[in-house]
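Subject: Handover of a structure and findings

Dear colleague,

Please find below the structure that I am handing over to you. The findings follow directly after it, grouped by topic.

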Amino acid sequence: MKLSRTLLPAALAGALLLTGCSAGGSPTKDEAGADCVAPGAASEAVKVTGSTGVDLKLDAKTPLKATEFERSVLTEGEGDVVKEGDAISVSMTTFNGTTGDEMDQLPESPVPFEKDKLVSWAYEGIRCAVPGQQIALIAPYAEMFQTTDPEQTGYEGMTKDSPIVIVMEFGDISEVPKEPGTIEPDKLLKKAEGKAQEAPAGFPTVKLDKDGAPTITMPEGEKAPAELEVATLIEGDGETVEPGDRVYVNYRGVIWRTGEEFDSSWSRGEAAAFKTNEVIPGFTKALEGQKVGSQVISVVPPKDGYGDNLESQLKMSNPDFDVKNDDTLVFVLDIVGTAHAE
């Protein structure tokens with residue numbers, strides 16, 4: 001399983017979004033003067049209730065049919081159209097346009113608007129966006145999933161003829177945060193180094209092999225905790241991981257209920273690198289404030305992981321996983337390097 005499937009929250013996988021408007025009405029052109037995506041019968045049929053990225057529901061007669069991008073404004077916004085190089089806050093909910101079923105709820109997250117960093121459906125959305133607007137974008141299956149077979153997406157009822165309904169809501173426009181630096185592999189620690197600490201009672205036990213890779217065993221008879229629990233197993237003495245750092249981590253993740261491994265950088269033979277604000281909350285909270293050299297265990301309930309999207313996220317990579325949406329995940333992480341914003 002690749003890191004992007006396991007640790008990245010849906011909002012960041014969805015950091016590829018769209019819409020547009022300005023004071024007094026919706027723009028028909030983006031900042032560069034190009035025509036915005038036109039509405040169509042499918043996008044005009046979209047009605048929603050609830051909060052985008054949280055509990056949005058689709059109120060539309062399905063199946064919807066569309067063979068090209070369509071975009072309709074559901075709620076007007078006001079202000080300037082986003083410019084290339086800006087960042088704009090986006091929340092997003094996606095639906096299967098054939099069945100009407102919810103696919104993902106993606107909470108608000110800042111998204112850099114840079115054409116070469118966005119997939120096509122995302123770029124076509126964001127390039128006309130203004131703060132406060134909510135839109136419905138219809139994207140053909142192939143624009144979202146390329147050549148992936150529908151049964152491999154992890155979403156029931158999906159076919160190659162299924163359009164994807166993408167509802168986006170836009171917040172503030174801001175400057176793109178400075179990028180953190182990078183670290184060459186030969187400058188990273190091989191494993192956690194520091195003073196061993198005892199985990200609190202009720203935590204899984206962790207045993208390390210000679211290379212430092214952990215074996216994780218659940219406490220017998222203990223129920224998974226309802227709240228996020230984090231403990232330091234080895235206290236390092238290197239640099240402190242700051243919010244937004246690019247952090248380098250060797251990790252292993254297992255499912256509390258079964259003990260089954262679902263992801264591991266150790267299995268791939270190299271540390272994973274990602275920014276602390278681009279991962280699930282249970283990962284972010286386990287890393288920020290820790291020091292390089294530390295080993296941390298994070299017990300992550302669904303609300304601090306993938307929520308109702310857990311099963312689809314993991315089964316997209318491995319359909320044979322015995323995983324349920326209410327499963328708690330356990331990560332053991334070795335922090336082997338961190339790079340601050342330059």
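**An aromatic pair and its surroundings**

Phe283 and Phe331 are both buried. Please note from the outset that this is a predicted model. The count of aromatic pairs comes to 8. In the pair formed by Phe283 and Phe331, the ring centres are 4.9 Å apart and the planes stand at 90 degrees, so the arrangement is edge-to-face. This pair links distant parts of the chain, with Phe283 in helix 7 (residues 281–287) and Phe331 in strand 16 (residues 329–339), 48 residues apart. Phe283 and Phe331 also belong to a cluster, linked by ring pairs, that includes Tyr251, Phe262 and Phe274.

**Strand 16 and its partners**

Strand 16, which carries Phe331, deserves a paragraph of its own. Of its 11 residues, 11 are buried, so strand 16 is largely enclosed by the rest of the structure. Which strands pair with strand 16? One of them is strand 12 (residues 246–255), which pairs with strand 16 in the antiparallel sense over 10 bridges. Within this pairing, Arg246 has Ala339 of strand 16 as its bridge partner. Another is strand 15, which runs antiparallel to strand 16 and is joined to it by 6 bridges. There, Val296 has Leu333 of strand 16 as its bridge partner.

**Gln290**

Gln290 is found in the loop between helix 7 and strand 15 (295–300). Is Gln290 buried or exposed? Its relative accessible area is 15%, and the cut-off for a buried residue is under 20%, so Gln290 counts as buried. The side chain of Gln290 makes a polar contact of 3.2 Å with the side chain of Thr232. With neighbours within four places in sequence left aside, the residues in contact with Gln290 are Thr232, Glu239, Thr240, Val241, Val296 and Ile335. Val296 has already appeared above as the bridge partner of Leu333.

**The disulfide**

The structure holds 1 disulfide. It joins Cys36 to Cys128, with an S to S distance of 1.9 Å. The torsion about this S-S bond is about -95 degrees, so the disulfide of Cys36 and Cys128 is left-handed. Cys36 sits in the loop between helix 2 (10–13) and helix 3 (41–44), while Cys128 sits in the loop between helix 4 (120–126) and strand 6 (134–139), so the disulfide ties together parts that are 92 residues apart in sequence. Both cysteines are buried: Cys36 has a relative accessible area of 12%, and Cys128 has one of 1%.

Gly125, a residue of helix 4, may be considered together with Cys36. Gly125 is buried, with a relative accessible area of 0%. Although Gly125 and Cys36 are 89 residues apart in sequence, their C-alpha atoms are 8.5 Å apart in space.

**The nonpolar cores**

Which residues have the most contacts inside the largest nonpolar core? They are Trp121, Ile126, Phe145, Ile166, Met168 and Phe170, in a core of 28 residues. Two or more residues of this core come from each of strand 4 (86–96), strand 5 (102–112), helix 4, strand 6, helix 5 (141–145) and strand 7 (164–175). Another core, of 25 residues, lies apart from it; among its members are Val247, Val249, Val300 and Phe321.

Phe170 belongs to strand 7 and is buried, with a relative accessible area of 4%. The C-alpha atom of Phe170 is separated by 9.6 Å from that of Ser109, and these two residues are 61 residues apart along the chain.

**Strand 4 and strand 5**

Strand 4 and strand 5, both contributors to the largest nonpolar core, run antiparallel and are joined by 8 bridges. One such bridge has Thr93 opposite its partner in strand 5, Gln105. The two strands form a hairpin with 5 residues between them, and in this hairpin Gly100 takes a positive phi near 85 degrees.

I hope that this account serves as a useful introduction.

Yours sincerely

Terms used: Residues numbered from 1 in each chain as written. Predicted model: local features only at pLDDT ≥ 70, side-chain atom pairs only at ≥ 80, totals over all residues. Heavy atoms only, no water. Phe/Tyr/Trp six-rings, centres within 6.5 Å; stacked < 30°, edge-to-face > 60°. Helix = DSSP H or I, 4+ residues; strand = E, 2+ residues; numbered from the N terminus. Buried < 20%, exposed > 50% of the residue type's maximum accessible area, 1.4 Å probe, protein only. Disulfide = S-S within 2.5 Å. Core = buried A, V, L, I, M, F, W, Y, C linked by side-chain atoms within 4.5 Å. Pairing = 2+ DSSP bridges. Polar contact = N/O pair within 3.5 Å; in protein donor to acceptor, adjacent residues only side chain to side chain. Contact = heavy atoms within 4.5 Å.
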